[in-house]
Amino acid sequence: MRKSPPATVVPGPGEGRRGERGHLGYLLRQASLAWRARMDAALADCAVTPPQFAAMTMIDAYPGLSGADLARLSLLTPATISAVVANLRRAELAAARPHPVHGRILQLALTAKGRRLLARCKRRVYALEAELARGLSQDDERAVRRWLAGVAAGSEVRR
């Protein structure tokens, strides 16, 4: 009779190689997925997904964006943005008008209803961000923001 091999213990987030000894890229991905789950939960009763929140935030910050611009800014694929924008327009949260020079390009803007919903969602996301930054000094938070922005920009970051 053969003995069963010992069960492999899978570490939880923050433990073993999923913790401080893990690869930075893996830790970034793990943190990103944990953040996404928190945002999903925080925005669920608003009936807004994190991609919709990202799109609405960018449309609000940069009115007149095209779908292609929005895809780049919100870090989503053009196909995903197309579906997100269609849903926002169907819900009357965003509107599109033809570009004054390039008529086939549609420029996006939030409606009043969209701005109200975005404000509600931002309050929830800002509360999550405050929780995320709890325990960080202002200098530490600035360093984390600078480092993350540098990673995203692909540049070397110095302390």
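What radius of gyration does the protein chain have, and what would a compact globule of 159 residues have? The protein chain has 20 Å, whereas a compact globule of that many residues would be near 15 Å. Please keep in mind that this is a predicted model.

On the overall dimensions, the C-alpha atoms fill a box of roughly 75 × 50 × 30 Å along the principal axes. Of the 159 residues in the protein chain, 26% are buried. The chain exposes about 11,500 Å², and 57% of that area is supplied by carbon and sulfur atoms. As for contacts, take those between residues at least 6 apart in sequence: 45% of them join residues at least 24 apart.

Now the secondary structure. The protein chain has six helices and two strands. Going along the sequence, the order is α-α-α-α-β-β-α-α, with the two strands placed after four helices and before two more.

I will take two of the helices, beginning with H6. Helix H6 covers residues 138–153, which is 16 residues. How far apart should its ends be? At 1.5 Å a residue, the expected span is 22 Å, because the count used is one less than the number of residues. The end C-alpha atoms of H6 are 22 Å apart, so the two values agree. Just after H6 comes Gly-154, with a positive phi of about 80°.

H6 also takes part in a surface feature. Leu-24, Leu-28, Leu-136, Val-144, Trp-147, Leu-148 and Val-151 form a nonpolar patch on the surface, and together they have about 560 Å² of accessible area. Which elements give two or more residues to this patch? They are helix H1, residues 24–43, and H6. The most comes from H6, which gives four residues.

That brings us to H1, and to two of its residues. Leu-24, one of the patch residues, is found in H1. Its relative accessible area is 57%, and the cut-off for exposed is over 50%, so Leu-24 counts as exposed.

Gln-30 is also found in helix H1. Is Gln-30 buried or exposed? Its relative accessibility is 16%, and buried means under 20%, so Gln-30 counts as buried. What is Gln-30 in contact with, leaving aside its neighbours within four places in sequence? The contacts of Gln-30 are then Pro-13, Gly-14 and Arg-18.

To recap: the protein chain has a radius of gyration of 20 Å, and its nonpolar patch draws two or more residues from each of H1 and H6.

Terms used
Residues numbered from 1 in each chain as written. Predicted model: local features only at pLDDT ≥ 70, side-chain atom pairs only at ≥ 80, totals over all residues. Heavy atoms only, no water. Patch = residues over 30% accessible without salt bridge, like charges linked within 9 Å, V, L, I, M, F, W, Y side chains within 5 Å. Areas by Shrake-Rupley, 256 points an atom, 1.4 Å probe, with all protein chains shown as cover. Salt bridge = Lys/Arg side-chain N within 4 Å of Asp/Glu carboxyl O. Buried < 20%, exposed > 50% of the residue type's maximum accessible area, 1.4 Å probe, protein only. Rg over C-alpha atoms; globule rule 2.2 N^0.38 Å. Contact = heavy atoms within 4.5 Å.
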